[in-house]
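Open the model in your viewer and keep the sequence panel beside it. The stops below go from the whole chain to single residues.

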Amino acid sequence: MTRSALLVLADGRFPAGGHAHSGGAEAAVRAGRIKDAAGLESFCRGRLHTTGLTTAALAAGAAYGLDPLELDAAADARTPSPALRATARRLGRQLMRAARATWPSPALDALAAAFPRGAHQPVVLGTTALAAGLGPEDAAHCVAYETVGGPTTAAVRLLGLDPYQATAVLARLGPEMDEVVERATAAAREGVDALPAASAPLLDLTAEQHAAWPVRLFAS
């Protein structure tokens, strides 16, 4: 079941709510930091090696079976933006609903009971991977791909970007995604205290600004 479960979990049609979020791309487009495929690639690369590394490690840790309460606290400590913390928990709550319907599991039930308003999304994703028979690397791959896939899809809608060019961006970032996954799983193997805390201050700042916009296409 492992490979098919990985495809289901990573599929953009999996009803986890990610389609409503741009991963900071909407704010970057408005600020002029993303204008074309080259700008999108630069943005995604930066996001992958900061936010992506940190969240991939959290997901891998959950898939290793590390304490989800400690992981959620670690996620909070690594997310200084209140807007992004709220987004992570909202996405975690939506993912939890889909995960429990797809792969019923005592671990998911326990996590849902511990965080009725939603645990951080990567913690839920890693627990979901465990319930689906996937490993820590699989969980980290899902997060790494989502880290760049969300902004890429959003940029097509925001800029009218050629979808072939956008897909080419994802393909070019493939080796770097593999590198991030390797680093994330190696850190998670050492326990919660060894998890990376790579930061992206500009994403934190623009997330707060974006949350205050009266009109926006994406929730974050």
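Start with the contact map: among contacts in the chain with a separation of 6 or more, 82% join residues 24 or more positions apart, where contact means heavy atoms within 4.5 Å. This is a predicted model, in which local features need pLDDT of at least 70 and side-chain atom pairs count only at pLDDT 80 or more, while totals for chains, interfaces and linings use all residues. Residues are numbered from 1 along each chain as its sequence is written, and side-chain values use heavy atoms, with hydrogens and water left out.

**Whole chain.** Colour by secondary structure to see 11 helices and 0 strands; helices (H or I, at least four residues) and strands (E, at least two) are DSSP runs, numbered from the N terminus. Show the C-alpha trace, which spans about 45 × 35 × 30 Å along its principal axes. The radius of gyration of the chain is 16 Å, which agrees with the value near 17 Å for a compact globule of 220 residues. That radius is taken over C-alpha atoms, and the globule rule is 2.2 Å times the number of residues to the power 0.38.

**Surface.** Switch on the accessible surface: the chain exposes about 10,200 Å², and carbon and sulfur atoms supply 57% of it. Areas come from the Shrake-Rupley method with a 1.4 Å probe, and for residues only the protein chains shown count as cover. Of the 220 residues, 52% count as buried; buried means under 20% relative accessible area, exposed over 50%, and partly exposed in between (1.4 Å probe, protein chains only).

**Core.** Next select L9, L125 and L195, the residues with the most contacts inside the largest nonpolar core, which has 64 residues. Such a core is a set of buried Ala, Val, Leu, Ile, Met, Phe, Trp, Tyr and Cys residues joined through side-chain atoms within 4.5 Å. Helix α3 (residues 37-64) gives the most to this core, with 13 residues. Centre on L125: leaving aside neighbours within four places in sequence, L125 is in contact with L9, A59, L95, A139, C142 and V143.

**Helix α11.** Select residues 201-211, which form helix α11 and include H210. Which residues of α11 are buried? They are L203, D204, T206, A207 and H210, and they pack against α2 (25-30), α3 and α5 (82-102). H210 counts as buried because its relative accessible area is 3%. Apart from neighbours within four places in sequence, H210 is in contact with E26, A27, R216, F218, A219 and S220.

Stay at this helix and add S81, which lies in the loop between α4 (68-77) and α5. Beyond its neighbours within four places in sequence, S81 is in contact with D204, A207 and E208. S81 is at 3% relative accessibility and therefore counts as buried.

**Two last stops.** Move to D193, in the loop between α10 (174-189) and α11. Is D193 buried or exposed? At 81% relative accessibility, D193 counts as exposed. Draw a distance from D193 to L71: their C-alpha atoms are separated by 9.6 Å, with these positions 122 residues apart along the chain.

Finish at G174, found in helix α10. G174 has a relative accessible area of 19%, so it is buried. Its C-alpha lies 9.6 Å from that of A144, and G174 and A144 are 30 residues apart in sequence.
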